[in-house]
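Subject: Structure handover

Hello,

Here is the structure I said I would pass on. My notes on it follow below.

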Amino acid sequence: MNFAFNEEQDELRKMVNRFLQEKSPEAEVRRLMETEDGYDKAVWEQMAGELGLQSLTIPEEFGGSGFSYVELIVVLEEMGAALLCSPYFSSVVLAANALLTSGDDEAKAAYLPGIASGETIATLALTEDNGSPELSAIALEATKSGDGYTLTGHKNYVLDGHIANLILVAATTTEGLSLFAVDANATGLTRTALPTMDQTRKQARLEFASTPARLIGASGGAEAGLTKTLQLVAIGLAAEQVGGAQHCLDMSVEYAKVRIQFGRPIGSFQAIKHKCADMLLEVESAKSAAYYAAFAAAEDSDELPVVASLAKSYCSEAYFHAAADNIQIHGGIGFTWEHPAHLYFKRAKSSELLFGDPSYHRELLAQQIGL
């Protein structure tokens with residue numbers, strides 16, 4: 001297994017970095033996080049039409065570019081560093097992976113081209129009131145109705161659920177766990193935006209009242225696909241966390257160089273040196289974990305379940321520590337609303353809890369290796 005990025009992947013990183021510097025500066029992040037939709041439609045269309053980011057890992061036969069998961073984590077790392085306000089994660093990492101692992105070629109042909117072109121904003125509605133990513137915790141019921149199904153129940157904490165025009169829903173039938181597609185305009189669907197600590201990533205509550213839905217794959221046959229989807233999601237989230245942690249480290253080091261106290265840069269003080277050194281160690285280790293997991297995903301390695309949980313648990317803690325230490329190094333100004341440090345701290349905390357916190361993933365890891 002090769003763990004080095006090639007020239008094309010490095011160029012992709014540079015391209016995305018330049019784009020985000022222009023389209024997602026701090027002022028734009030602050031503007032978008034105050035809006036209801038939480039993203040800029042013109043930028044979304046540019047991401048799809050000019051950069052082809054939405055189509056990156058979707059196979060060519062379904063309108064995509066057919067690149068691997070390694071290219072995707074390069075993009076996600078840069079987006080995490082810029083705190084991009086966009087339904088990219090929900091559409092490309094959640095929904096597209098759920099379709100790709102579903103085994104339903106007809107559904108792939110119906111929905112993936114729209115995601116690839118940027119015309120479709122999609123998401124995966126998985127968690128319910130307790131926020132648990134455990135598939136066994138899913139209680140939403142699907143009932144056979146003529147040639148289709150109807151859904152009755154609710155989903156909570158659905159990323160971009162209030163703006164998505166395609167919602168993939170995990171629900172239970174008499175045969176077991178199943179996956180369904182629901183149109184945003186379906187009857188009986190109520191969508192409510194939720195207040196969130198991390199305003200840069202929108203969430204919603206979805207309520208279904210005999211809402212018509214299309215079965216994807218076989219009834220009762222969604223567990224394997226959704227399990228793999230969650231592993232891929234964990235790796236994607238770990239890549240975002242690496243990008244955010246690296247940005248916090250860069251902010252801290254830069255401030256330590258220019259902030260003068262007692263006639264010296266604060267970076268010359270041992271306490272600050274130690275904080276920055278500890279941050280560097282954790283960030284570099286987080287990169288190793290996320291990159292290893294990405295290459296395992298690209299090769300569909302048997303290690304995927306293990307390395308996905310390893311990456312998510314370690315990167316979650318590394319990002320949170322980096323975001324917290326970044327505030328400490330900045331001192332009083334780091335606690336203010338005007339400084340961006342709190343934006344990264346909130347993203348770090350929400351990402352830590354999203355799709356399983358470190359304790360949850362360490363437990364999964366222990367089970368996988370037989371402890």
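Which helices are included in what covers the buried residues of H11? The cover includes helix H7 (223-258), helix H9 (304-330) and helix H10 (341-353). Helix H11 itself spans residues 358-368, and its buried residues are Pro 358, Tyr 360, His 361, Leu 365 and Ala 366. Just after H11, Gly 370 takes a positive phi of about 80°.

Before going further, please note that this is a predicted model.

Overall picture

The protein has 11 helices and 9 strands. For 371 residues, a compact globule would have a radius of gyration near 21 Å, and the value for this protein is 21 Å, so the two agree. Along the principal axes, the C-alpha atoms fill a box of roughly 80 × 45 × 40 Å.

Of the 371 residues, 56% count as buried. Among contacts with a separation of 6 or more, 75% come from residues 24 or more positions apart. The accessible surface is about 15600 Å², and carbon and sulfur atoms account for 51% of that surface. As for charge, there are 27 positive and 49 negative side chains, and the centres of the two sets lie 8 Å apart.

Strands

Strand E1 covers residues 122-125, and all of these residues are buried. Ala 122 and Leu 124 point one way from the strand, while Thr 123 and Ala 125 point the other way. E1 pairs with strand E4 (residues 166-173) in the parallel sense, over 4 bridges. In that pairing, Ala 122 stands opposite Leu 166.

Strands E2 (residues 141-145) and E3 (residues 148-159) pair in the antiparallel sense, over 5 bridges. Thr 143 stands opposite Thr 150 of E3. The hairpin formed by E2 and E3 has 2 residues between the strands, and Gly 146 takes a positive phi near 65° there.

The loop between E1 and E2 holds Asp 129. Is Asp 129 buried, partly exposed or exposed? Its relative accessibility is 45%, so Asp 129 counts as partly exposed. Leaving aside residues up to four places away in sequence, Asp 129 touches His 154, Asn 156, Tyr 157 and Arg 205. Asn 97 lies 32 residues from Asp 129 along the chain, and the C-alpha atoms of the two are separated by 23 Å.

Helices

H5 (88-100) is mostly covered, with 12 of its 13 residues buried. The buried ones include Tyr 88, Phe 89 and Leu 99, and Asn 97 is also among them.

Helix H8 runs over residues 270-298 and contains Phe 295. Phe 295 has a relative accessible area of 7%, under the 20% limit, and is therefore buried. The C-alpha atom of Phe 295 is separated by 30 Å from that of Ala 164, with the two positions 131 residues apart along the chain counted as their distance apart.

Loops

Two residues that are not glycines have a positive phi: Leu 83, at about 50°, and Phe 262, at about 55°. Leu 83 is in the loop between helix H4 (69-82) and helix H5 (88-100), whereas Phe 262 is in the loop between strand E8 (260-261) and strand E9 (264-265). Which of these residues is buried and which is exposed? Leu 83 counts as buried because its relative accessibility is 2%. Phe 262 counts as exposed because its relative accessibility is 74%.

The loop between H9 and H10 contains Glu 338. At 60% relative accessibility, Glu 338 counts as exposed. What does Glu 338 touch, not counting residues up to four places away in sequence? Glu 338 touches Glu 26 and Arg 30.

To come back to the start, H9 and H10, on either side of the Glu 338 loop, are both included in the cover over the buried residues of H11.

Regards

Conventions: Residues numbered from 1 in each chain as written. Predicted model: local features only at pLDDT ≥ 70, side-chain atom pairs only at ≥ 80, totals over all residues. Heavy atoms only, no water. Rg over C-alpha atoms; globule rule 2.2 N^0.38 Å. Buried < 20%, exposed > 50% of the residue type's maximum accessible area, 1.4 Å probe, protein only. Contact = heavy atoms within 4.5 Å. Areas by Shrake-Rupley, 256 points an atom, 1.4 Å probe, with all protein chains shown as cover. Lys, Arg positive; Asp, Glu negative; His and termini not counted. Charge placed at Lys NZ, Arg CZ, Asp CG, Glu CD. Pairing = 2+ DSSP bridges.
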